[in-house]
Number of protein chains: 2
Amino acid sequence: IIGKHAGFATITNASTPVFEPLDTFPRRHIGPDESDIQKMCDSVGVSSLDELVQKTVPASISIQNQTKLGPGVPETEVLERLKHIASKNKVFRSYIGMGYTNTLTPKVILRNIMENPGWYTQYTPYQPEISQGRLESLLNFQTMVCDFTGLPVANASLLDEGTAAGEAMMMCFAAGKRRKTIFFVDQACHPQTIACVKTRAEGFGIQVVVGDYEKYDFAANKGKVMGVLIQYPTTDGRVLDYESFVKKAHDNGAMVTCATDLLALALLKPPGEFGADIAFGNSQRFGVPLGYGGPHAAFFAVKEELKRNMPGRLIGVSKDVNGNPAYRLALQTREQHIRREKATSNICTAQALLANMAAMYAVYHGPEGIKQIAQRIHNLTAVFAEGVKKLGHTVKTDNFFDTVTVELKYDAEELVLAAAEAGINVRQVDARSIAVTLDESVSKEDLYDLLRVFATASFEESYRAGSRKQYFVPMPILDSIAQELGITTATPAQNFPANLTRTSAYLTHPVFNSYHSETEMLRYISHLQSKDLSLAEAMIPLGSCTMKLNATTEMIPVTWPEFANIHPFVPLDQASGYRIMLQELEYALSEVTGFDQISLQPNSGAQGEYTGLRVIKAYLQSQGQQNRDVCLIPVSAHGTNPASAAMAGFQVVTVKCEENGNLDLVDLRAKAEKHKDRLAATMITYPSTYGVFEETIKEACRIVHEFGGQVYMDGANLNAQLGLCKPAEIGADVCHLNLHKTFCIPHGGGGPGMGPIGVKSHLAPFLPGHPVVKTSGELAIGPVSAAPWGSASILPISWAYLKMMGDEGVKQATKVALLNANYMLKRLEKHYKVLYTNDNGLCAHEFIIDCRPFDGSAHIQAIDIAKRLHDYGFHSPTMSFPVANTLMIEPTESESKAELDRFCDAMIQIRQEIRAVEEGRQPRDNNVLTNAPHPVEHLLTEKWDRPYSREEAAYPMPGLRKKKFWPSVGRVDDTHGDRNLICSCPPIEAYEQSAEAGI
Amino acid sequence: IIGKHAGFATITNASTPVFEPLDTFPRRHIGPDESDIQKMCDSVGVSSLDELVQKTVPASISIQNQTKLGPGVPETEVLERLKHIASKNKVFRSYIGMGYTNTLTPKVILRNIMENPGWYTQYTPYQPEISQGRLESLLNFQTMVCDFTGLPVANASLLDEGTAAGEAMMMCFAAGKRRKTIFFVDQACHPQTIACVKTRAEGFGIQVVVGDYEKYDFAANKGKVMGVLIQYPTTDGRVLDYESFVKKAHDNGAMVTCATDLLALALLKPPGEFGADIAFGNSQRFGVPLGYGGPHAAFFAVKEELKRNMPGRLIGVSKDVNGNPAYRLALQTREQHIRREKATSNICTAQALLANMAAMYAVYHGPEGIKQIAQRIHNLTAVFAEGVKKLGHTVKTDNFFDTVTVELKYDAEELVLAAAEAGINVRQVDARSIAVTLDESVSKEDLYDLLRVFATASFEESYRAGSRKQYFVPMPILDSIAQELGITTATPAQNFPANLTRTSAYLTHPVFNSYHSETEMLRYISHLQSKDLSLAEAMIPLGSCTMKLNATTEMIPVTWPEFANIHPFVPLDQASGYRIMLQELEYALSEVTGFDQISLQPNSGAQGEYTGLRVIKAYLQSQGQQNRDVCLIPVSAHGTNPASAAMAGFQVVTVKCEENGNLDLVDLRAKAEKHKDRLAATMITYPSTYGVFEETIKEACRIVHEFGGQVYMDGANLNAQLGLCKPAEIGADVCHLNLHKTFCIPHGGGGPGMGPIGVKSHLAPFLPGHPVVKTSGELAIGPVSAAPWGSASILPISWAYLKMMGDEGVKQATKVALLNANYMLKRLEKHYKVLYTNDNGLCAHEFIIDCRPFDGSAHIQAIDIAKRLHDYGFHSPTMSFPVANTLMIEPTESESKAELDRFCDAMIQIRQEIRAVEEGRQPRDNNVLTNAPHPVEHLLTEKWDRPYSREEAAYPMPGLRKKKFWPSVGRVDDTHGDRNLICSCPPIEAYEQSAEAGI
Ligand SMILES: Cc1ncc(COP(=O)(O)O)c(C=O)c1O
Ligand SMILES: Cc1ncc(COP(=O)(O)O)c(C=O)c1O
Ligand SMILES: O=C([O-])O
């Protein structure tokens, strides 16, 4: 199906090598050079990379059809090609709205956050001591969301508005103890929101009723309605007073969830004040480019009572070991958002980078600035509405903020055509109606151009006028309209009910009132950045996360206007550049995985899982096998797997692992057989979450297929496979691809990500559709994201990566990923117990160090080693996944031998430090490990009564004297934070106290 | 003359304010907001900004003709406009060469250095303890230059190749004790180099003889030839063996200076090995965009004996107070490059940012990579030369590296036309010859296209062929040519004499052999950056330097391809965008200064001075007043003033200042009268270098004019004038404008800068010309820069600044600059003695704090306060200029009240610390000031025997616990460094020792 887009595999310079360009990419992407590779092979005890592969990857699975990506394209050329492709996008002036508008990204934010590896290469802030910068910024995001929505608790972003609506519904479902089954959705919500809610409802058997909120009959469904969803302002622009409806819903035991718009809330009474329990929406218009649909950060806020059940990551305020305030991810221990098979949400990677941008937008503009922006948009909208009336059309929205729906004198299609002629997109609502949404980028000239589109005479009139050119009726003068309406800066427009006027303050915290000059803003961004360890400082060896190079050449196109400034719902012919890029990427992804078709819609790995399982379910249904509802999942699986399975409506049955970490085939067969009539699928991570290529993988797939199940492969570990084997050839029917791992999308400090799925042809017809833009056929499941191609604007990153690497580069990267891991394994196994290697004593692309022995020997835990690593300037490996009290190390191919050695040296030195405790030379409860990390401030105290010196704490290796990344706080107290949950910026009083103290 | 480009003053949105865009710039550029301004006025004791102006700026000089810049254009709009203008540039494929080629800027360097405020906003590293990052990078630059040129000492960049040639000549002049007067220049040097040398020679009465080096008769000029200049390879591409010529020159007592090309030297025997005393050139092709001529870093290397006389800044290796190695600017105390009236050079601001880029390019590619690049270019050039022969033309250059000159079968103009048709620029050498220079960006396809231009049949042939289309003769196949020539990667081309093959190694230092993956490169850049205090961290209150905001919107266009990728010598019609921008900028600069014409050629303030004085001289000559050669300069003048005067051939006569810092008018009149027949000019800085608007400025101008002199105004302090007064109205005839101060070009850690001059109409005909691109008329002086419009690609910064500020913004900025300075003055004068205020007790935009009293009272010097400020996270103010043992503070308008307060708090706290010494509570030779700065490492030593605590050293103010920028080394020992001058990276052994120690 995809094979035809063979355009990806163009052949360049297949001629005399002297002509070949030198700006080749694989040697820049891959850390070790040829000579290091040889040295490392020697250490590992293999003669070559190929021997290493032979000893790690089972022959039985090795690749059958070599990938056909073509040779790697050099860096300069790849950008030229992509620019050429991008230039096929037509950047029209869009007034489509529907949750996406143009925005003016402050350039200081664009350059210093979105285009800055110090911000975009960070991981999710699981290690708070080296992440205080973005934790503070995400807390600003939460505070801003609370302020605007009028609700007390907000999380640090969700994937998009559509999935946020789904999450809201699931909270209602949980609150109704899963016994209430109806969710009422007002018809004036965005169509893609309604569609996403419906998709989400299916797995849980929830009945979504769409209708007119004013007419909904709660009484008829007494006790069955878990909640309602309203939108404020509505998709067609109306600002409605929901107060009595909210009361009715509450009286009938239904929770109220409200989709809303932060900017509108600068002028309007917030949902929290009219009784909504949950409010959510898209924060995109706070300075985040449209990007043809994403990535953007959805916001999500709830009432106090709901805070402990909120999906997604929640930043909280706690204190460090010295009692200083410190931020951190709250409620982690309670599995805040992923509760395995009991889950109602599986969200993991979210949209941290974009949440940070939106937060910084609020920091830069401040309350006055935001209000001015909102008011100006409203003023212009009022002038527009009046102008349209003067032109003889009918405005259907009496009350509005930024969107008006116009009933035309003639067919809407005529106007859409005239608009396109003028390079303008409007939204066609029905045969006679057009909606228009204004935004902060609209100039007076733009407004004139837009209004002039509505001055287009009908075809009929033009014909009668006998004009060769299109005919226009006389235009009103904008200034006169404003004057007539009495709109001035002092007496602004107000085209919404007086009782819906916002009276409460927002953004009152000093952080939103201090950094309004560019200089101050830059310093604030730069100060926060300096507290966070990113890939620009050191390796981040997080197992299962694949923190590899996010190359600048890959990143540059993301902010090109041709990709950044396109609304997701423009006519397809305006997005030809995107379509070429997307199709080429689909081709490349299917080449490396062996799948027949790809869906680029899911916005994260977890979303990919969910999508894949839903596709399996739809397929089974189409085969008349709707009874199949059991999903076999190994105990070792990532928490998102069972959560996704539960969300897709499957019943999770756990499969054991052998002692050595391998899947227990006997148990698998037994469970498969036991549930043979109900077996729907299995979810297998490969190489396993233990970092080993299991020999038995094909057999496992065979067993599941034998009993009528489908094989879902979790592709988080694909970095070990590319070019060496293919999920589809191994036996998977579907697999997600975390583009933010193997395919170089930067992790952004906790998102964005992308989790496309690949499927075999029998599943292809069921790939997700979209209500606004056609992405799939008749049999498609509903959308899993608000935008048709998820976060389209970051897909050039993966496109460029695969283009620049080519077949050889991709394969070499995988080999070196294996080598790097095994090199570290060999160095470290002399000092630590390594769990789970294969028969040759080798791992795949990652391996696990067992810290449990130290509990007995020295009362040292994995967390102590993790925190001590901060003192060595490193991020910790993945802690306690998949096995409690272990560290999982994944170096990726991008790390050089020098960096691997630096990290191994640190680990070995730490082993000595543990030994000192084991041997009683240091006390068990007061040593460099238990007290780690050591920020400067703690080391400079007058009194020093530790059993080790300041220098031993700070400089355990001499290189650290020259180059050291410092943690900014001491060990953070999680228990305190969870007990006293504070999830917005500390109150001004606290701040003022500090200020008085001169802080 | 300029007034016609009134396009600058376009009027936007002069309508109802509700329509006005909100992304206005002045409030982002100016630190304090309205409410802060009022508070600060209160503190200063004025009711309003206007009253402040009235009390600081003498009424006699206040502006007569209000500026006509128009209203400020919002940020988004200004970028749209500039994009529109830029799009008028045609980016052709250029093979023009002449010292400028295309280059592939590694994107990791582009994004993380050139587009990173952490690198571009830094000041010259005068404070080494907070500048170790770029000092290391500049040392890398020097090392790389030494390696390639084969000479032992190199400086940290000069302004461009043309002025470097001038500097080389001046070193010969000095070496010849100013007694030898002839400088021989080979005719095969670039024409702009020859022209710049000639310009430079005039001021010193040096005779430049241009001829064929093979024929030059030293004997005929025995004892008179100070030096020679050769180019290697020559401008037309020949690689010549100069060995015997060098010997002859040396035998005749002449020094040998050699213009060269770093990339060529990767293959060719370096100048140092064939005896050159000095080698210099342009490092642009090491990854620095063409930018229509600049900015680029010229390199300059000399023999050991000459190192102490080298112009420009020299980075050296010394040690800090703890004995750790530390980099710093060497030989500062000996007035390394500016010796006032004895000077042969006036260079001050250089090209640090671009030198850093070039150095990083070498770090990224390493010796092998650079060699491959050079060899590939050479291979392609060889194929090209052969192809051209096959097409029936004659190649005139037997030996070449990257440039060949071709004698055509027909008129060169025909081919130039055909090339342009194909979007290609070549260099026309004479009526029948074309030269072509290849570079690393040339692909096989490009080579084909280029060769095809040479396959154009002559007009005659085409006519005879009767073809309607242009006719082409059959093309040879590139692969076949390569095969025929036997060029392969293993047996590369070598079209230069075997004895000129490079045999010596280069880039052997580990720094050039460690960071070849993008990840390693990024971390190296980021590590160096983390050691340097830039405007992204804190204010840099350097008096006389105007470290204001360099806004992102101003910076973005610099790296647009439409501005970045244009060769300086393209036909003017390809640079229409540039011309519009340049003319609009000239208009705006003449509006704010009152001058009739502007020259955008000088690349720095000092160059502007020199140019202005040379223009004055040419004018006087035109009036038959060549006898006028005295230049009156106040004692307080910046060192560049007398240096420039000397270089322009003037005799410097010093004018006294009164005790209060004002110019001594009595002395001025006396000196003017005394020299009335010889009085050529005076140079006055205004407001004075003491930071005061002298009431008598007009009178001073009148006196000089009365005695027949011209008034040169040093515009370094223009930030106090804009919108309030105009140099031309005050009485200046000429004035330079440091665009890197008042007009927002970032300082780049020591450049780039730009120093255009404005002149009154009588001087306009004499503004500098250019030998390749016409910039001026018949009477023009020679060029002062290699490129016609200096560093054209950074001019959009100043353009955008003036556009966005508009008349009101510019004026407001100046007022706030005055307010900020006076606010600080009022806070600090309670604690420090402030030198030189006006009668109202007020300063202009900067003021001086006197540290001399502390010498007696506590044995504390200005430098101790400066270094102690580092402990508070601040850059020091300007030290000991214009008065020894003082600190001059200039906050600029961009600093917020909060930042000013933070700085004042620090200064006040330091005053307390001084008091502790004064009162004997702390010893005189061992206190927080004398021991400052305190890097972390020094604070963590086991033993602490200082009379103050670690915390007192590190956290003298509580805010520092939350946010502190740390110095990376202790106080640097200048004397040690100057005595043991090491100006390239420490040898590998030293490095290996460290490595063994695990550093
Ligand atoms: C094995 C595995 N599966 C699934 C996921 C979830 O992916 P995402 O965070 O993109 O939702 C992860 C994330 O770390 C993972 O490691
Ligand atoms: C008063 C004064 N004149 C001239 C100059 C020289 O300018 P530039 O460094 O651009 O050559 C300076 C530089 O600081 C200065 O302060
Ligand atoms: O470079 C300066 O002298 O300011």
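Me: Which helix of chain B gives the most to the shell around ligand 2?

Reply: In this predicted model, helix α20 of chain B, which spans residues 605–622, gives the most to that shell, with three residues.

Me: What makes B:Thr349 and B:Asp714 count as polar contacts of ligand 2?

Reply: A polar contact is a pair of N or O atoms within 3.5 Å. A polar side-chain atom of B:Thr349 lies 2.6 Å from an oxygen atom of ligand 2, and a polar side-chain atom of B:Asp714 lies 2.5 Å from a nitrogen atom of ligand 2, so both pairs meet that cut-off. For B:His740, a polar side-chain atom lies 2.7 Å from an oxygen atom of the ligand, and therefore this pair qualifies as well.

Me: How much of ligand 2 does the protein bury?

Reply: Taken alone, ligand 2 exposes 390 Å², and the protein buries 98% of that.

Me: How many residues of each class are in the shell around ligand 2?

Reply: The shell has three nonpolar, eight polar and three charged residues.

Me: Why are β23 and β24 of chain B called paired strands?

Reply: Two strands pair if at least two bridges are found between them, and β23(B) and β24(B), the latter covering residues 847–850, share three bridges in the antiparallel sense, so they satisfy the condition. Within this pair, B:Val834 has B:Ile849 of β24(B) as its bridge partner.

Me: What makes β23 an edge strand of chain B?

Reply: The open sheet runs in the order β23-β24-β26-β25 with antiparallel pairing, and β23 (833–835), like β25 (878–879), pairs on one side only.

Terms used:
Residues are numbered from 1 along each chain as its sequence is written. Chains are lettered from A and ligands numbered from 1 in the order in which they are written. This is a predicted model: local features need pLDDT of at least 70, side-chain atom pairs count only at pLDDT 80 or more; totals for chains, interfaces and linings use all residues. Side-chain values use heavy atoms; hydrogens and water are left out. Helices (H or I, at least four residues) and strands (E, at least two) are DSSP runs, numbered from the N terminus. A polar contact is a pair of N or O atoms within 3.5 Å; within protein, one must be able to donate a hydrogen and the other to accept it, and residues adjacent in sequence count only if both atoms are side-chain atoms. Accessible areas come from the Shrake-Rupley method with a 1.4 Å probe; for residues, only the protein chains shown count as cover. Ala, Val, Leu, Ile, Met, Phe, Trp, Tyr, Cys and Pro count as nonpolar, Asp, Glu, Lys and Arg as charged, and the others, Gly among them, as polar.
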